[in-house]
Amino acid sequence: MEPPQTSSAVTLRVNGVRHRLRDLDHRTTVLDALREHLGLTGAKKGCDHAQCGACTVLVDGRRANSCLLLAVAYDGAEVTTVEGLADGDALHPLQEAFLVRDGFQCGYCTPGQLCSAVGMIAEAGGGAPSVVTPPGTAAAGAPVPLSPEEIRERMSGNLCRCGAYGNIVAAVEDVTR
Amino acid sequence: MSDPGPVRLEGREKVTGTARYAAEHTPPGTAYAWPVPAAVPRGRVVAVDAGAALAEPGAVAVLTHENAPRLKRVDDDTLLVLQNDQVPHRGWYVALAVADTPEAARAMAAAVRVSYAPEEHDVVLTPGHPRLYVPEKANAGVPGSRERGDFDGAYASAPVRVDATYTTHALHNHPMEPHATTARWEDGRLVAYDSCQGANAVQETLAGLFGVDKGRITVVAEHVGGGFGCKGTPRPQVVLAAMAARHTGRPVRLALPRAQLAAVVGHRAPLVQRLRLGAGEDGVISALAHEVTTHTSTVREFVEQAAVPSRAMYVSPNSRTTHRVVALDVPSPSWMRAPGEAPGMYALECAMDELACAAGVDPVELRVRNDTAAEPDSGKPYSSRHLVECLREGARRFGWEARDPRPRSRAEGRLLVGTGVASSYYPVFHMPSSAEAHVTETGRYRVRINATDIGTGARTVVALIAAEALGVALDRVAVEIGSSDLPAAWLAGGSGGTGSWGWAVHKACRALNAMVDARGGTVPPGGLTATADTADDIPSDPPHAMASFGAQFAEVTVDTDTGEVRVRRLLGVFAAGRILNARTARSQFIGGMTMGVGMALLEGSTMDPRFGDFAERDLASYHVPTHADVRGIEAHWIDETDPLLNPMGSKGIGEIGIVGTAAAIANAVHHATGVRVRDLPVLPEKVLG
């Protein structure tokens, strides 16, 4: 009997650039593929158990905890990391707002907060309700307005031990208002 | 409008993901390590079978106490890893797997077979534990026990008395970046990228452990993902990484798994605090006893100095402040944001609220009546103390005047609403530091100092202090921090960074200006460099007591069906010397208050009596505040001019934000419900009783 296959070729398209990982260990997460194989250390490892959100990236346009995704299962996926948010030297409006509002201190949760906010704004814009969305406030599929309460609820998968939450919400509001 | 302060100098790197933390430096050939924690609460390692681990593809080595490099003893035995067969507590590291990839290292660690000879263990802190003793010193070198006047007599004759015991459970720092090191040896030189609060402390400790001249060791901590005390002292990851790099001849990366942190990076110890306040009918305190019972480990004595605030806060002519500690088979406790002050002020400020109720005095007014111009325990006058101003200003901003003091006096549907107040306090520490200032022929400045920015805004405030001392614009000053190759400086701890670093930077910059002036204002080719050291400037026994003060006001709602407590508003006013950067200072205050919300309502770790393990070891079980828990947190400050502090007139602000928050919230819960919860965190079942 053949020994079980433990690695595969995996292709990820990251921030618009195609990367072919020719012999990737099946145990490798998307997070470790980014950090250890592609040199993209923006996404952080805070818990490795999808409990803190520091590793949040966008996978095929949706936010995801990349520490829980096995890269081999995401062959061909489109990944956006914090390194891909800016347009050249021009920061993404959320990055600019985080700077001005001091929406971070140590900076370790920041890439996850930023990617999560980008995904969250798109989700609300696509009409996805949250647990705090009052029933009947928006027609099915219509954008959900992002009140501070909505932002806090939808961003609660991203922990910040420095306690920059108030400033992060203000930064998101600066962009969504 | 007041100056909002500059944005963080490294802000762009942090929001674009280019700031590199300790685990993000990967020298060619880097191997990955994964530790094996002890699976018994006490005993001895009988055998380590590494056969299966070494058979894993990609295996490099398994280090155990039998083959690991020998270490010399330093002043912290928690760092003597893999040196003998002893297991002093569960989670103590007994082996280290090293492999070509992180996946292989993890698999190897799981495959290491360790046999133990377990021994009886004792891990439960009880107020009557037979091995309790009074330590000579508690943390920060404070006396373990102090008596002034005649507490027993004064308390017995006091017309109003409060006798209450408050309990708190172990707390975990949990910075977002777990401890990590990337280490490599080259030609007898060690370079370690380490997630720490002070590279000099790590460098000196490694020099001692490995018997290497510290000039041959470089520790880099350019960006650090939070610390809150648990990275203030060197931790096992840097020792293990350096050992593994020496053993394998390769660079080694060790990033600790989150769930292992509770056992190896310190914790705030559980505390039992008995407060007795005796006062006149007017609420003025005549007798104060603050008696603390806590645990330490058998490896290292650390005593949380929780009675210390009662030596500093209020008039107390007759006082007893004591600590008792027992060494249990538990992980070693250590610094967590405002060690001593945070839990001590929770107990004292709740007791003050109980005294206010007992005496029928408004809680703000009670604190004003017990204000003191001199530190009661030392008798030294405060260099500046604006507690009363903080209380008054906070009361005004919060709308305290309209408060009905009766519990359960305010309801909104099924919610009960209450408000509470507490004082904040944190002492000022200055530690010797050195710095270098350089000016180029073209008038560009460079300041070098081994300050550490763990998120406080250190890099930015160092530049601000330099620019002001030099008398030039901020954008003409470049700053280098975060490496032991720079002029040595105090670590980011004890809220003493800005004062200690700033003092040295200020001195170097003034010396540089004097050099330029001596040359008639010209700078020669190659520039000029001035260095400074504050070792002789900082008085060892200053004639004044120095501390930051503040007042925090909380409004909570309590759901009468579920018992859920929510903080609706939290307002702090602080008097903390001159605020040097409003933008980052506000973040420090609200960040501390946010951690205080966690302490009040969410955080608590349980020692499992049978397994000797903290039951809540990860972020799914140990709850820290998240976005939805935090609303309406405001921080303000009053201008304080104090020339007795340091050349900047600054006090520390990194820790005072967490001091008093839990008491303000617990007092608000009592006001809302009439239920006095004396055990943190204030969980629904305790409120519903």
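Visitor: What domains does the assignment give for chain A?
Guide: In this predicted model, the assignment splits chain A into domain 1, residues 7-84, and domain 2, residues 93-176.

Visitor: How far apart are the C-alpha centres of those two?
Guide: The C-alpha centres of domain 1 and domain 2 of chain A lie 22 Å apart.

Visitor: And how many residues does each put into the contact?
Guide: Domain 1 of chain A gives 15 residues and domain 2 of chain A gives 13 residues.

Visitor: Which elements supply the domain 1 side?
Guide: On the side of domain 1 of chain A that touches domain 2, β3 (56-59) and β4 (62-65) each supply at least two residues. The largest share, three residues, comes from β3(A). By class, that side of domain 1 has seven nonpolar, five polar and three charged residues.

Visitor: Moving along chain A, where does Asp102 sit?
Guide: A:Asp102 is in the loop between α2 (93-101) and α3 (110-125) of chain A.

Visitor: What is the phi there?
Guide: Phi of A:Asp102 is near 55°, which is a positive value in a residue other than glycine. Most residues other than glycine have a negative phi.

Visitor: What about the helices on either side of that loop, how do they cross?
Guide: The axes of α2(A) and α3(A) come within 10 Å and cross at roughly 130°. That angle makes α2(A) oblique to α3(A). The crossing is right-handed.

Visitor: Which residues meet?
Guide: From α2(A) there are A:Leu94, A:Gln95 and A:Phe98, and they meet A:Thr110, A:Leu114, A:Ala117 and A:Val118 of α3(A). Sorted by class, the contact of α2(A) with α3(A) has five nonpolar residues, two polar and no charged.

Visitor: On to chain B. What are its domains?
Guide: The assignment gives three for chain B: domain 1 (15-120 + 174-264), domain 2 (137-171 + 267-428 + 543-688) and domain 3 (435-480 + 487-533).

Visitor: How far apart are the centres of domains 1 and 2 there?
Guide: The C-alpha centres of domain 1 and domain 2 of chain B lie 36 Å apart. Their contact takes 20 residues from domain 1 of chain B and 24 residues from domain 2 of chain B. The domain 1 side of it divides into eight nonpolar, seven polar and five charged residues.

Visitor: What does α14 of chain B pack against?
Guide: Helix α14 (residues 661-673) of chain B packs with helix α8 (residues 341-359) of chain B at an angle of about 35°, with the axes 8 Å apart. Helix α13 (residues 582-601) of chain B also packs with α14(B), at about 50° and with the axes 8 Å apart. The second angle makes α13(B) oblique to α14(B).

Visitor: Left- or right-handed crossings?
Guide: The crossing of α8(B) and α14(B) is right-handed. The crossing of α13(B) and α14(B) is right-handed too.

Visitor: Which residues make the α13 contact?
Guide: B:Met593, B:Gly596, B:Val597, B:Met599, B:Ala600 and B:Leu601 of α13(B) make it with B:Thr661, B:Ala662, B:Ile665 and B:Ala666 of α14(B). By class they are eight nonpolar, two polar and no charged.

Visitor: And which ones for α8?
Guide: In α8(B), B:Met345, B:Tyr346, B:Glu349, B:Cys350 and B:Asp353 meet B:Ala662, B:Ala663, B:Ala666, B:Asn667 and B:His670 of α14(B). The contact of α8(B) with α14(B) has six nonpolar, two polar and two charged residues.

Visitor: What is the peptide bond from Leu680 to Pro681 in chain B, cis or trans?
Guide: The bond from B:Leu680 to B:Pro681 is cis, with omega near -5°. B:Pro681 lies in the loop between α14 and α15 (684-688) of chain B. Most peptide bonds are trans.

Visitor: Now the two chains together. How many residues does each bring to the contact?
Guide: Chain B brings 44 residues and chain A brings 48 residues.

Visitor: Which element gives the most on the chain B side?
Guide: α13(B) does, with seven residues. The elements of chain B that give two or more residues to that side are α1 (11-16), α3 (102-111) and α13. Its residues are 19 nonpolar, 16 polar and nine charged.

Visitor: What scores does the model get?
Guide: The model scores ipTM 0.98 and pTM 0.98. Chain B averages a pLDDT of 98, and 100% of the residues score at least 70.

Conventions:
Residues are numbered from 1 along each chain as its sequence is written. Chains are lettered from A and ligands numbered from 1 in the order in which they are written. This is a predicted model: local features need pLDDT of at least 70, side-chain atom pairs count only at pLDDT 80 or more; totals for chains, interfaces and linings use all residues. Axes are lines fitted to C-alpha atoms, for helices over the stretch in contact, and angles run from 0 to 180 degrees between N-to-C directions. Helices (H or I, at least four residues) and strands (E, at least two) are DSSP runs, numbered from the N terminus. A crossing is left-handed if the near helix is turned anticlockwise from the far one by less than a right angle, and right-handed if clockwise. Two residues are in contact if their C-beta atoms, placed from the backbone, lie within 7 Å. Ala, Val, Leu, Ile, Met, Phe, Trp, Tyr, Cys and Pro count as nonpolar, Asp, Glu, Lys and Arg as charged, and the others, Gly among them, as polar. Domain bounds come from an automatic or database domain assignment. Angles under 35 degrees count as roughly parallel, over 145 as roughly antiparallel, 65 to 115 as roughly perpendicular and the rest as oblique. pLDDT is the predictor's confidence in each residue, from 0 to 100.
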